[in-house]
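Reader: I have some questions about the labels used for this model. Could you take me through the reasoning behind them?
Author: Gladly, and here is the structure to look at.

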Amino acid sequence: MAKLNRPPVIYSPTTLQDLLKIYSLNPDSLIYAGGTGLQFGSTGDNFQIRGSVINIAGVEELKKINRTDRYLELGASVPVSRVIDLGKSIVPEALYAALKQMGPPQIRNMATMGGNICRQANTMDIFPVLHLHDSQVELRKFRENRSPRRFLKGVGSRWIPVSRLLDNEGKITMDKGEILTRIRIPSENWSFQSYRKIDGPGAPLIFTALANMDKHIVTDIRLSFSTVREKLIRNRDIEAEMIGHRVPFSKRDLALLKGKLENYFKGTGESSFTTARASALTIQFLEKISEPVDEGSYFQ
Ligand SMILES: Cc1cc2nc3c(=O)[nH]c(=O)nc-3n(C[C@H](O)[C@H](O)[C@H](O)COP(=O)(O)OP(=O)(O)OC[C@H]3O[C@@H](n4cnc5c(N)ncnc54)[C@H](O)[C@@H]3O)c2cc1C
């Protein structure tokens, strides 16, 4: 006898407490935020959800934005378009550029920050930027073994660097019943920022870079790459070699750095095309920070 496809059970909590409680009781449920990541690649007709779904769109606590001197804090369900509306003076420029390049405007209105981070896709546009900015994410879950009378005390929360969400295989991992609730981005001044999303074979390749300079000396530099295969490629040894370096970089220094970067890329199994693009983007960035500029913040 043919099995009938049962419609999914849909929960629509309106408070964070209810959400965590429902999720703890139904830990195999699918969390549905804006739905754009889940529907990516489907034509509408072939989009199917089985089992139970927790729609988190009605949870107001997850839509809050908070700003202090030290950080910008975004609720996980804040839509991408709302972050763009905050403007470049509040949102770090590389993150702002990443958000502006994300899909068409209708998608940016629905797509949430948390959904972008939690999506199990090969590349997630904002992940490398958040990582370079040392952003933290808050994960919450309803702790088990608590009596219902002590429910308030039963909610556990932990803050971790965004990169710790990735396991060794580059998969997003959270404990069962855990929800991403907030994203905290430190307020820092960077002399140079860059965010480039390059199309081409095996694309996209995402290049993100931050650098700080003081009197023509590189005081801090961070570079990351995301490809279809790898969510995050970063070599802190190469970065450390550049710190303390006086700009402009000589042709010889640039050639040495290029060689080291390409060697490192080869070890990740990336194609020679991607490797060449990655090293070209890095050299362009190093040339940019070598240009004489007035004090301030520059974006490429
Ligand atoms: C036409 C189109 C173009 C797109 N272009 C881009 C692009 O250029 N760049 C890009 O990065 N993405 C793109 N996307 C993918 C998608 O829009 C984004 O990744 C988006 O940010 C996902 O957010 P969402 O709220 O829609 O997530 P959802 O689809 O609701 O969820 C995505 C995943 O995250 C989980 N999840 C969501 N919120 C939470 C939470 N708070 N805690 C725990 N788990 C959670 C869900 O269970 C699901 O597994 C595109 C999608 C479409 C349809």
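Reader: Why is asparagine 235 called buried?
Author: In this predicted model, asparagine 235 has a relative accessibility of 16%. Buried means under 20%, so asparagine 235 counts as buried.

Reader: Where is asparagine 235 placed, and what does its side chain reach?
Author: Asparagine 235 belongs to the loop between strand E11 (217-226) and helix H8 (236-242). Its side chain reaches the backbone nitrogen of aspartate 237 at 2.8 Å, and the backbone nitrogen of isoleucine 238 at 3.0 Å.

Reader: What makes those pairs polar contacts?
Author: A polar contact needs a pair of N or O atoms within 3.5 Å. The distance to the backbone nitrogen of aspartate 237 is 2.8 Å, and the distance to that of isoleucine 238 is 3.0 Å, so both fall within the cut-off.

Reader: Is aspartate 237 itself buried or exposed, and where is it found?
Author: Aspartate 237 is found in helix H8. Its relative accessible area is 57%; exposed means over 50%, so aspartate 237 is exposed. As for its surroundings, the C-alpha atoms of aspartate 237 and lysine 260 are 10.0 Å apart, with their positions 23 residues apart along the chain.

Reader: Let's follow the chain on from H8. What kind of peptide bond joins valine 247 and proline 248?
Author: A cis peptide bond, with omega at about 5°. Proline 248 lies in the loop between H8 and helix H9 (251-268).

Reader: And why does alanine 278 count as buried?
Author: Its relative accessibility is 0%, and the cut-off for buried is under 20%, so alanine 278 counts as buried. Alanine 278 sits in helix H10 (residues 272-290). Its C-alpha atom is separated by 8.5 Å from that of phenylalanine 265, 13 residues apart along the chain.

Reader: What makes helix H4 largely enclosed by the rest of the structure?
Author: The count of buried residues does. In helix H4 (residues 93-100), 7 of the 8 residues are buried, so the helix is described as largely enclosed. The buried ones are Glu93, Ala94, Leu95, Tyr96, Ala97, Ala98 and Leu99.

Reader: For contrast, why is isoleucine 10 counted as exposed?
Author: Isoleucine 10 has 56% relative accessibility, and exposed means over 50%, so the exposed label applies to isoleucine 10. Isoleucine 10 is part of strand E1 (residues 9-11). Its C-alpha atom is 4.8 Å from that of valine 53, although the two are 43 residues apart along the chain.

Reader: Why are aspartate 134 and histidine 216 called partly exposed?
Author: Partly exposed is the range between under 20% and over 50%. Aspartate 134 has 42% relative accessibility, so it counts as partly exposed. Histidine 216 has a relative accessible area of 49%, so it is partly exposed.

Reader: What is there to say about phi at aspartate 134 and histidine 216?
Author: Aspartate 134 has a positive phi of about 55° although it is not a glycine. This residue lies in the loop between helix H7 (127-132) and strand E6 (136-142). Histidine 216 has a positive phi of about 65°, and it is not a glycine either. Histidine 216 is in the loop between strand E10 (205-214) and E11.

Reader: On to the ligand. Where does the ligand sit, and which residues come nearest?
Author: The ligand sits in the largest pocket. Of the 26 residues around the ligand, Ile31, Ala33, Gly34, Thr36 and Thr112 come nearest. The elements that each supply at least two residues of the shell are strand E2 (30-32), helix H2 (36-39), helix H6 (113-118) and strand E8 (179-186). By type, the shell has 14 nonpolar, 9 polar and 3 charged residues.

Reader: How do you know that the ligand has polar contacts with the protein?
Author: The cut-off is 3.5 Å between N or O atoms. An oxygen atom of the ligand is 2.8 Å from a backbone N or O atom of alanine 33. For the side chain of threonine 36, the distance from an N or O atom to a ligand oxygen is 2.6 Å. A polar backbone atom of glycine 37 is 2.8 Å from an oxygen atom of the ligand. Of the 980 Å² of accessible area that the ligand has on its own, the protein covers 86%.

Note on methods:
Residues are numbered from 1 along each chain as its sequence is written. This is a predicted model: local features need pLDDT of at least 70, side-chain atom pairs count only at pLDDT 80 or more; totals for chains, interfaces and linings use all residues. Side-chain values use heavy atoms; hydrogens and water are left out. A residue is near a molecule or strand if one of its heavy atoms lies within 4 Å of it. A polar contact is a pair of N or O atoms within 3.5 Å; within protein, one must be able to donate a hydrogen and the other to accept it, and residues adjacent in sequence count only if both atoms are side-chain atoms. Accessible areas come from the Shrake-Rupley method with a 1.4 Å probe; for residues, only the protein chains shown count as cover. On a 1 Å grid over the protein atoms alone, a cavity is a set of points where a 1.4 Å probe fits but cannot get out, and a pocket is an open set with protein on both sides within 12 Å along at least five of seven lines; lining residues have an atom within 4 Å of a point. A molecule sits in a cavity or pocket if more than half of its atoms lie within 2 Å of its grid points. Helices (H or I, at least four residues) and strands (E, at least two) are DSSP runs, numbered from the N terminus. Ala, Val, Leu, Ile, Met, Phe, Trp, Tyr, Cys and Pro count as nonpolar, Asp, Glu, Lys and Arg as charged, and the others, Gly among them, as polar. Buried means under 20% relative accessible area, exposed over 50%, partly exposed in between (1.4 Å probe, protein chains only).
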